[in-house]
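Biologist: I should like to learn how to read burial, surface patches, salt bridges and backbone angles in a model. May we take them one by one?

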Amino acid sequence: MEQVRLGTTGTKVSRICLGMMSYGDPADREWFLDEETGEPIVRRAVEAGVTFFDTADMYSTGVSEEITGRLLKRFFERRDDYVLATKVFFPMGPGPNDGGLSRKHIMAGIDASLRRLDTDHVDLYQIHRWDYDTPIEETMEALHDVVKAGKARYIGASSMFAWQFAKAQHVAEVNGWTKFVTMQNHYNLVYREEEREMIPLCLDQGVGCIPWSPLARGLLAGNRERGGERNTVRAGSDAYADALYEESDFDVVDAVREVAAERGVAPAQVALAWLLGKPGVTAPIVGATKLPHIEDAIAAADLTLDDKEVERLEAPYRPHPVSGHS
């Protein structure tokens, strides 16, 4: 698989990032995979050349990080052969300081993540959301200190408003602190509001985009139908997807299915190929709970759509309210 620069850094990552949220304790969510069940999927990704893996402390309350750490040690001989990302923000306990982006929680959070991942550093440490209760100066200085302590190589951010991201970068720059090198944003064929402000900002500043939910939580892969029919276990219990997407989005889904049928490939491959062809996108973060999911992602990395196909896929889009920031 092609390896590309992570934003404008010198570090190279695979064009597909394997999202590890799906691996955790099945008691938490029915569609979570335990380590034994998820191992063949991760193995296939590694065999195909995937070197970029993304998790977060709050996924299955730390179990995802534990599984991720063990599996990556199993499949890679050297720590330098893969790029590992995790995130901090969401509560990890009942206490008032068990979440957020205060200096206290960031310092506790990185140490706890490193213990669960069984490594001495992560390559990319990301803030999972914006913290309205903590001054951004406090957050950026703490993240800078994490990098200077050798516990993270780079820092990244996730869904927020463009003005917030610009403010964080400015605060870091004027103080000589570490700046964000990536933006993990909500971006796919049925949610393209990021094209208005965030992606142009990232392109201007050399920040790499690593979109989450590249298949709209399975919508673009066919896990839901018009009228409410659900085709997978996850779709049947995913209230968050119901809040993000709407009935008009099925017009885009229909276009994806038409192009996929003409190409003789799965709809997921077309949707991912579209995203991989967009300016600024380094690597979509793909979740996989079945081997065909990772096979589609691998195939999409080699699929190039022509201009007419892209135009057909984009034509049915309807603007959405800003979503994915909470």
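Modeller: Let us begin with accessibility. D25 has a relative accessible area of 32% and is therefore partly exposed, since this class lies between the limits of under 20% for buried and over 50% for exposed. Please keep in mind throughout that the model is predicted.

Biologist: Where does D25 lie?

Modeller: D25 sits in the loop between β3, residues 17-19, and α1, residues 35-47.

Biologist: Which residues gather with D25 in a patch of negative charge on the surface?

Modeller: To be admitted to a patch, a residue needs over 30% relative accessible area and must have no salt bridge. Here D25 is joined by D28, D34 and E36, and the four gather in a surface patch of negative charge.

Biologist: Which residues form the nonpolar patch on the surface?

Modeller: Y132, F161, W163 and V322 form that patch, and their accessible area together is about 470 Å². One of them, V322, is found in the segment after α11, which spans residues 307-314. V322 counts as partly exposed because its relative accessibility is 49%.

Biologist: Let us turn to the interior. Is L84 buried or exposed?

Modeller: L84 is buried, because its relative accessibility is 2%. This residue belongs to strand β5, residues 83-88.

Biologist: What does L84 touch, beyond the residues up to four places away in sequence?

Modeller: A contact requires heavy atoms within 4.5 Å. With those sequence neighbours left out, L84 touches F53, T68, L72, R79, L117, T119, V122, D123 and L124. A separation in sequence should be read together with one in space: L84 and S14 are 70 residues apart along the sequence, and their C-alpha atoms are 12 Å apart.

Biologist: T68 appears among the contacts of L84. Where does T68 lie, and is T68 buried or exposed?

Modeller: T68 lies in helix α2. Its relative accessible area is 1%, so T68 is buried. Apart from neighbours within four places in sequence, T68 is in contact with M20, T55, L84 and L117. Thus L117 is touched by L84 and is also in contact with T68.

Biologist: How should one read a salt bridge?

Modeller: Side chains of opposite charge can pair when their charged atoms come close. The cut-off is 4 Å between a side-chain nitrogen of Lys or Arg and a carboxyl oxygen of Asp or Glu.

Biologist: How many salt bridges does the structure hold?

Modeller: There are 20 salt bridges in the structure. In one of them, E295 pairs with R44, and the closest N and O atoms are 2.7 Å apart. That pair links distant parts of the chain: E295 is in helix α10, residues 291-300, R44 is in helix α1, and the two are 251 residues apart. E295 is partly exposed at 32% relative accessibility, and R44 is partly exposed at 25%.

Biologist: Which residue does K73 meet in a salt bridge?

Modeller: The side chain of K73 meets that of D118, with an N to O distance of 4.0 Å. K73 belongs to helix α2, while D118 belongs to the loop between α3 (103-117) and β6 (122-127), so the pair ties together parts that are 45 residues apart in sequence. K73 counts as partly exposed because its relative accessibility is 46%, and D118 is likewise partly exposed, with 49%. For a further view of D118, consider T68: the two are 50 residues apart in sequence, and their C-alpha atoms are 9.4 Å apart in space.

Biologist: With which residue does R78 form a salt bridge?

Modeller: R78 forms one with D81, and the closest N and O atoms are 2.8 Å apart. D81 is partly exposed, at 31% relative accessibility.

Biologist: Which residues are linked in a network of salt bridges?

Modeller: E35, E39, R43, R70 and R74 are linked in this way.

Biologist: Finally, the backbone angles. What is the phi of S60, and what is that of A216?

Modeller: S60 is not a glycine, yet its phi is positive, at about 55 degrees. S60 lies in the loop between β4 (52-54) and α2 (63-75), and it is buried, with a relative accessible area of 7%. A216, also a residue other than glycine, has a positive phi near 55 degrees. A216 is located in the loop between β9 (208-209) and α7 (239-244). With a relative accessible area of 0%, A216 is buried.

Notes
Residues are numbered from 1 along each chain as its sequence is written. This is a predicted model: local features need pLDDT of at least 70, side-chain atom pairs count only at pLDDT 80 or more; totals for chains, interfaces and linings use all residues. Side-chain values use heavy atoms; hydrogens and water are left out. Patches are made of residues with over 30% relative accessible area and no salt bridge: like charges are joined within 9 Å, nonpolar side chains (Val, Leu, Ile, Met, Phe, Trp, Tyr) within 5 Å. Accessible areas come from the Shrake-Rupley method with a 1.4 Å probe; for residues, only the protein chains shown count as cover. Lys and Arg count as positive and Asp and Glu as negative; His and the chain ends are not counted. The place of a charge is taken as NZ of Lys, CZ of Arg, CG of Asp or CD of Glu. Helices (H or I, at least four residues) and strands (E, at least two) are DSSP runs, numbered from the N terminus. Buried means under 20% relative accessible area, exposed over 50%, partly exposed in between (1.4 Å probe, protein chains only).
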